[in-house]
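Subject: Structure handover

Dear colleague,

Here is the structure I said I would pass on. Please look it over before reading the notes underneath.

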Amino acid sequence: MFCWRYGALLIVVIGYLQPAVVIGVKVNFERFEQYFGEEYADFALRVRKFNRTTMTLNGTIHVNQPMDDMILFQTDVFLSRLGNQQFQHYPMHLPTSGICEFWNHLHNEYPTTVASVTNAPEIDECPVSVRTMDIIDLDFPMEVVPESLSSGLWKLVISGTVNETVIMRFMISVRLADDWAS
């Protein structure tokens, strides 16, 4: 009885002396691919290994034609829980919007991400004029990830449509992993 009490007290004291373990999520880009629609915008982006633990997005976005909110972008979300490319459609709904509305939302909600894109459209600039935008070593912005997402390989397929005809499609995949840090 005497040993049990002091053993429990010792465990509590050691628990208070050790730094707290923080459980978080680490998100890394895995892949970016444009399927079609280069006549409107050419996404010459690639994912590269920045250091031992981080993958970044690099490249250039060439806007080849003025684009306005007439082109609506919609998303389909897929999840591979094991990260083995066996994707299942995930019932997450992201809002459909035009390109001008999308850039305005980015400016208002994620200004640090927009600041990392050179020659990005200004807020309320519509239509988005012909330009070249550079992305250099963009780490995945953690503020866009909801806390409810589970670990695994996530794929976001973005389609641009005009009058219900798909004219542009590209895919971004990211890997969410539990990040145990002290």
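The notes below go from the overall fold to the core, the surface and the salt bridges.

This is a predicted model, in which local features need pLDDT of at least 70 and side-chain atom pairs count only at pLDDT 80 or more, while totals for chains, interfaces and linings use all residues. Residues are numbered from 1 along each chain as its sequence is written, and side-chain values use heavy atoms, with hydrogens and water left out.

Fold. The protein chain has three helices and 10 strands (DSSP runs numbered from the N terminus: helices are H or I of at least four residues, strands E of at least two). Of its 182 residues, 36% count as buried (buried is under 20% relative accessible area, exposed over 50%, partly exposed in between, with a 1.4 Å probe and protein chains only). Among contacts (heavy atoms within 4.5 Å) between residues at least 6 apart in sequence, 64% join residues at least 24 apart.

Core. The largest nonpolar core (buried Ala, Val, Leu, Ile, Met, Phe, Trp, Tyr and Cys joined through side-chain atoms within 4.5 Å) holds 38 residues, of which Phe43, Met67, Phe73, Trp103 and Met168 touch the most other members. Strand 10 gives the largest share of this core, five residues. Leaving aside residues up to four places away in sequence, the contacts of methionine 168 include Phe43, Met67 and Phe73; Phe36 is also among them.

Surface. Phenylalanine 36 lies in strand 1 and is partly exposed at 32% relative accessible area. Together with Tyr35 and Val166, Phe36 forms a nonpolar surface patch of about 230 Å² accessible area. For such patches, residues have over 30% relative accessible area and no salt bridge; nonpolar side chains (Val, Leu, Ile, Met, Phe, Trp, Tyr) are joined within 5 Å, like charges within 9 Å. Accessible areas come from the Shrake-Rupley method with a 1.4 Å probe, and for residues only the protein chains shown count as cover.

Salt bridges. The count is four (a side-chain nitrogen of Lys or Arg within 4 Å of a carboxyl oxygen of Asp or Glu). One of them joins arginine 48 and aspartate 137 at 2.8 Å, N to O; this pair links strand 2 to strand 8, 89 residues apart. Another joins glutamate 125 and arginine 131, with the closest N and O atoms 2.2 Å apart. Arginine 131 is buried because its relative accessible area is 11%, whereas glutamate 125 is partly exposed at 22%.

Regards
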